[in-house]
Amino acid sequence: MVTWGRLGLGLALACVMTPVLAGQAELDAALAEYEQALAKQADPENGRKVYLTCAVCHRPEGWGTVDGVYPQIAGQLPSVIIKQLADFRAGNRSNPLMYPFSVPRILGGPQQMADVAAYVSQLPMTPHNGVGPGVDLALGEQLFQDNCVDCHGERGQGDAQDHIPAIAGQHFMYLIRQFDAIRSGARKNADSEMVKQIEGFTPREESAVLDYVARLRPPAEKLGRDGWVNPDFPGYVRDAMLGVPPPMPLPLQPPEPPPPPQLPELPPLPPLPEPPFGASGR
């Protein structure tokens, strides 16, 4: 359903030349680097080293997070990974969190892009990705058959030739985020035909079809076992804050200060004596 493919050129204010030319320049730069990386002989072992940068957010297993902040990238098609990296680097897809990790100074050049894509693609996928409420799956299946199969395949397996992503087993909330970004135009590298196709989806239809997609099972050989931990990163600290007691909650209002202590009552001072006669010097 969510296409990471060719950029539609229907930009807002299309009659203004400068934004159009800028968008075309970004597209050209991304496609050029994509083709360079595809032409490289990928080295998954070097990709393992490059992936250390990616593991910070996507975790060593490449499983992302079920809340959709980070997608599952394990098992994704290499051409899709390369295309998205090229788009991030060229400004053809905007993501302030991802961009700093994708730049050549951090990630490397086309060879490193090919290497890390090869490494990520062979990682086993989580058997427990995030799914939706499960209340409209029949509707979701029908929408998928009517709208998504031609590009993403019967089982959501994607298309390596056209860098269309595999979406089976992706986190439901990530699919929601990308669907909304594509429909609103926030995701610049979305396929223009898909933008038109999904613009009329109701919230119920969106939830139904993406819940169905999230529940599509990848082939058994692509799934990891329960509790699988990537042995390539033995030193990675997971859930480092578990077991640390939470800080004491602050009171809603400061406590009343204690009353001042009661001082003992002092006896009155005796009267001063009269000075003797002549003490004034007269």
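These are my notebook entries on a predicted protein model, with a look at its confidence, one helix and one pocket.

**Entry 1: confidence**

I began with how far the predictor trusts its own model. The mean pLDDT of the protein is 85, and 83% of the residues reach 70 or more. I then looked up where the score drops. Over residues 1–22 pLDDT stays under 50, and there the model has 56 contacts beyond four places in sequence. Residues 241–252 also have pLDDT under 50 throughout, with zero contacts beyond four places in sequence.

**Entry 2: helix H6**

Next I turned to helix H6, which runs over residues 110–121. Its twelve residues should span 16 Å at 1.5 Å a residue, and I found its end C-alpha atoms 16 Å apart, so the two agree. How many of the twelve residues of H6 are buried? Ten are, so H6 is largely enclosed by the rest of the structure. I noted the buried ones by name: Pro110, Met113, Ala114, Asp115, Val116, Ala117, Ala118, Tyr119, Val120 and Ser121.

**Entry 3: the largest pocket**

My last stop was the largest pocket, with a volume of about 760 Å³. I counted 38 residues in its lining, and the closest to the pocket centre are His58, Pro71, Phe88, Met98 and Tyr174. Which elements give two or more residues to this lining? They are helix H2 (44–58), helix H3 (78–90), helix H9 (172–184) and my earlier helix, H6. I also sorted the lining by class and found 26 nonpolar, nine polar and three charged residues.

Notes. Residues are numbered from 1 along each chain as its sequence is written. This is a predicted model: local features need pLDDT of at least 70, side-chain atom pairs count only at pLDDT 80 or more; totals for chains, interfaces and linings use all residues. Side-chain values use heavy atoms; hydrogens and water are left out. pLDDT is the predictor's confidence in each residue, from 0 to 100. Contact means heavy atoms within 4.5 Å. Helices (H or I, at least four residues) and strands (E, at least two) are DSSP runs, numbered from the N terminus. The expected span of a helix is 1.5 Å times one less than its number of residues. Buried means under 20% relative accessible area, exposed over 50%, partly exposed in between (1.4 Å probe, protein chains only). On a 1 Å grid over the protein atoms alone, a cavity is a set of points where a 1.4 Å probe fits but cannot get out, and a pocket is an open set with protein on both sides within 12 Å along at least five of seven lines; lining residues have an atom within 4 Å of a point. Grid points are joined across faces, edges and corners, and a volume is the space filled by probe spheres set on the points. Ala, Val, Leu, Ile, Met, Phe, Trp, Tyr, Cys and Pro count as nonpolar, Asp, Glu, Lys and Arg as charged, and the others, Gly among them, as polar.
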